[in-house]
Amino acid sequence: MYARVLWGKVKMGMWDEFQRYYDEKVVPSTASMKGIKGRRLLRSLENPEEGISISLWETREDMENYVKSPQRQEIARDGEKLYSGDYWVKHFEVKSSDVELAR
């Protein structure tokens, strides 16, 4: 399994709008993509404008196909207005997990 992890900060006071965008746009646009195992959105307890999005993928190829997909390009364009500009994206291989993801 593979993970795409995005850490970032949203503009001050924009978390609710960001979460709505994530739930209504990001999740549905990828729900039927090949290899998606699930998503998590985490909000920092120390800084409420900071969060992490984790998407889990069955194979590295599935994750890479998502990265190149028109859906991800559209998601990125639509979400840009919400970010403060401070973010990074990294890809990982999941080596151990006790979380069961239904699919």
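Here are five short exercises on the predicted model above, each with a worked solution.

**Exercise 1. Confidence**

Find out how confident the predictor is in the chain, and which elements have the lowest and highest confidence.

*Solution.* Start with the whole chain: its mean pLDDT is 91, and 95% of its residues reach 70 or more. Then go element by element. Confidence is lowest in helix α3, residues 70-79, where the mean is 85. Strand β3, residues 50-57, has the highest, at 96. Keep a general caution in mind: where pLDDT is low, predicted coordinates should not be read in detail.

**Exercise 2. The largest pocket**

Give the volume of the largest pocket, then describe its lining by residue, by element and by class.

*Solution.* First, the volume: the largest pocket holds about 430 Å³ of space. Next, the residues: 20 of them line this pocket, and those closest to its centre are Leu6, Arg72, Ile75, Ala76 and Tyr83. Now sort the lining by element. At least two residues come from each of β1 (2-10), α1 (15-30), β3, α3 and β4 (83-93). Helix α3 gives the largest share, five residues. You may like to recall here that confidence is lowest in α3. Finally, sort by class: 12 lining residues are nonpolar, four are polar and four are charged.

**Exercise 3. The largest cavity**

Search the whole structure for cavities of 30 Å³ or more, and work out what lines the largest.

*Solution.* The search returns one cavity of that size. The volume of the largest cavity is about 60 Å³. Its lining is made of Leu6, Gly8, Lys9, Val10, Trp15, Phe18, Leu41, Glu49, Gly51, Ile52, Ser53 and Tyr83. Assign these to elements, and β1, α1 and β3 each turn out to give two or more. Strand β1 has the largest share, with four residues. By class, the count is seven nonpolar, three polar and two charged.

**Exercise 4. Aromatic pairs**

Classify the ring pair of tryptophan 15 and phenylalanine 18, then follow phenylalanine 18 to its pair with tyrosine 83.

*Solution.* There are seven aromatic pairs in the structure. For tryptophan 15 and phenylalanine 18, the ring centres are 5.4 Å apart, and the planes meet at 55°, so this pair is tilted. Both residues belong to helix α1, three residues apart, or about one turn of the helix. Both are also buried.

Now take the second pair. Phenylalanine 18 and tyrosine 83 are 5.6 Å apart centre to centre, with 65° between the planes. Since edge-to-face needs an angle over 60 degrees, this pair is edge-to-face. Phenylalanine 18 is in helix α1 and tyrosine 83 in strand β4, so the pair ties together parts that are 65 residues apart in sequence. Tyrosine 83, like phenylalanine 18, is buried.

To finish, widen the view: Trp15, Phe18, Tyr21, Tyr22, Tyr83 and Tyr87 form one aromatic cluster. Elsewhere, a ring meets a charge: the charged end of lysine 90 sits over the ring of tryptophan 88, 5.0 Å from its centre.

**Exercise 5. A loop residue**

Decide whether alanine 31 is buried, partly exposed or exposed.

*Solution.* Locate the residue: alanine 31 is in the loop between α1 and β2 (36-43). Its relative accessible area is 39%. Buried requires under 20% and exposed over 50%, so alanine 31 is partly exposed. For a distance check, its C-alpha atom is 17 Å from that of valine 5, 26 residues away along the chain.

Technical notes:
Residues numbered from 1 in each chain as written. Predicted model: local features only at pLDDT ≥ 70, side-chain atom pairs only at ≥ 80, totals over all residues. Heavy atoms only, no water. pLDDT = per-residue confidence, 0-100. 1 Å grid on protein atoms, 1.4 Å probe; cavity = no way out; pocket = protein on both sides within 12 Å on 5 of 7 lines; lining within 4 Å. Points joined across faces, edges and corners; volume = space filled by probe spheres on them. Nonpolar A, V, L, I, M, F, W, Y, C, P; charged D, E, K, R; others polar. Phe/Tyr/Trp six-rings, centres within 6.5 Å; stacked < 30°, edge-to-face > 60°. Buried < 20%, exposed > 50% of the residue type's maximum accessible area, 1.4 Å probe, protein only. Lys NZ or Arg CZ within 6 Å of the ring centre and 35° of its normal.
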